[in-house]
Amino acid sequence: MARTDSDYAIEFGEYLATAADHFMAVQNKFNALALDGDDTQADRDEHSDAWRGLQSAIYDFRKRAARAEHESAPKLFNK
């Protein structure tokens, strides 16, 4: 059976959740280091990379959801 656009949207929703989990872990680590003044350039780079990964996952999910003809939340809730 062929995969539908909805199947792909669900798959990319899981990628989004994974990226969000990763970003939260990195953010928590970064906050703890920053409070102590122990953050390094490598820590800041890791934080930036996690943020870009989350942004990319959001973009990919929204693209897949649109293909599945899902109406975005701003359109649904900001009427």
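The expected span of a helix is taken as 1.5 Å times one less than its number of residues. Against that yardstick, helix H2 of this predicted model, which has 27 residues, reaches 39 Å from its first C-alpha to its last, close to the 39 Å expected. The points below follow H2 from its overall course to its buried residues, and then to the nonpolar core to which H2 and helix H1 each supply at least two residues.

**Helix H2 and its end**

- Helix H2 covers residues 41-67, and it is followed by Glu-69, whose phi is positive, near 65°.
- Ser-48 lies within H2, and its C-alpha atom is separated by 32 Å from that of Glu-69, the two residues being 21 residues apart along the chain.
- Ser-48 has a relative accessible area of 30% and is therefore classed as partly exposed, since that class lies between the 20% limit for buried residues and the 50% limit for exposed ones.

**The buried residues of H2**

- The buried residues of H2 are Asp-43, His-47, Ala-50, Leu-54, Ala-57 and Ala-65, and they pack against helix H1, which spans residues 5-36.
- In general, an α-helix has 3.6 residues a turn, so residues three or four places apart point the same way.

**Asp-43**

- Asp-43, which is placed in H2, counts as buried because its relative accessibility is 12%, where the cut-off is under 20%.
- The side chain of Asp-43 reaches the backbone nitrogen of Thr-40 at 2.9 Å.
- When neighbours within four places in sequence are left aside, Asp-43 is in contact with Lys-29, Phe-30, Leu-33 and Asp-38.

**His-47**

- His-47, also found in H2, is buried, with a relative accessible area of 18%.
- The side chains of His-47 and Gln-27 are joined by a polar contact of 2.5 Å.
- Not counting residues up to four places away in sequence, His-47 touches Gln-27 together with Phe-23, Val-26 and Phe-30.

**The largest nonpolar core**

- The largest nonpolar core has 7 residues in all, namely Leu-16, Ala-19, Phe-23, Val-26, Ala-50, Leu-54 and Ala-57.
- Both H1 and H2 supply at least two residues of this core, and H1 gives the most to it, with 4 residues.
- Leu-54, one of the core residues and one of the buried residues of H2, is in contact with Leu-16, Ala-19, Ala-20 and Phe-23 once its neighbours within four places in sequence are left aside.

How values were computed. Residues numbered from 1 in each chain as written. Predicted model: local features only at pLDDT ≥ 70, side-chain atom pairs only at ≥ 80, totals over all residues. Heavy atoms only, no water. Buried < 20%, exposed > 50% of the residue type's maximum accessible area, 1.4 Å probe, protein only. Polar contact = N/O pair within 3.5 Å; in protein donor to acceptor, adjacent residues only side chain to side chain. Contact = heavy atoms within 4.5 Å. Core = buried A, V, L, I, M, F, W, Y, C linked by side-chain atoms within 4.5 Å.
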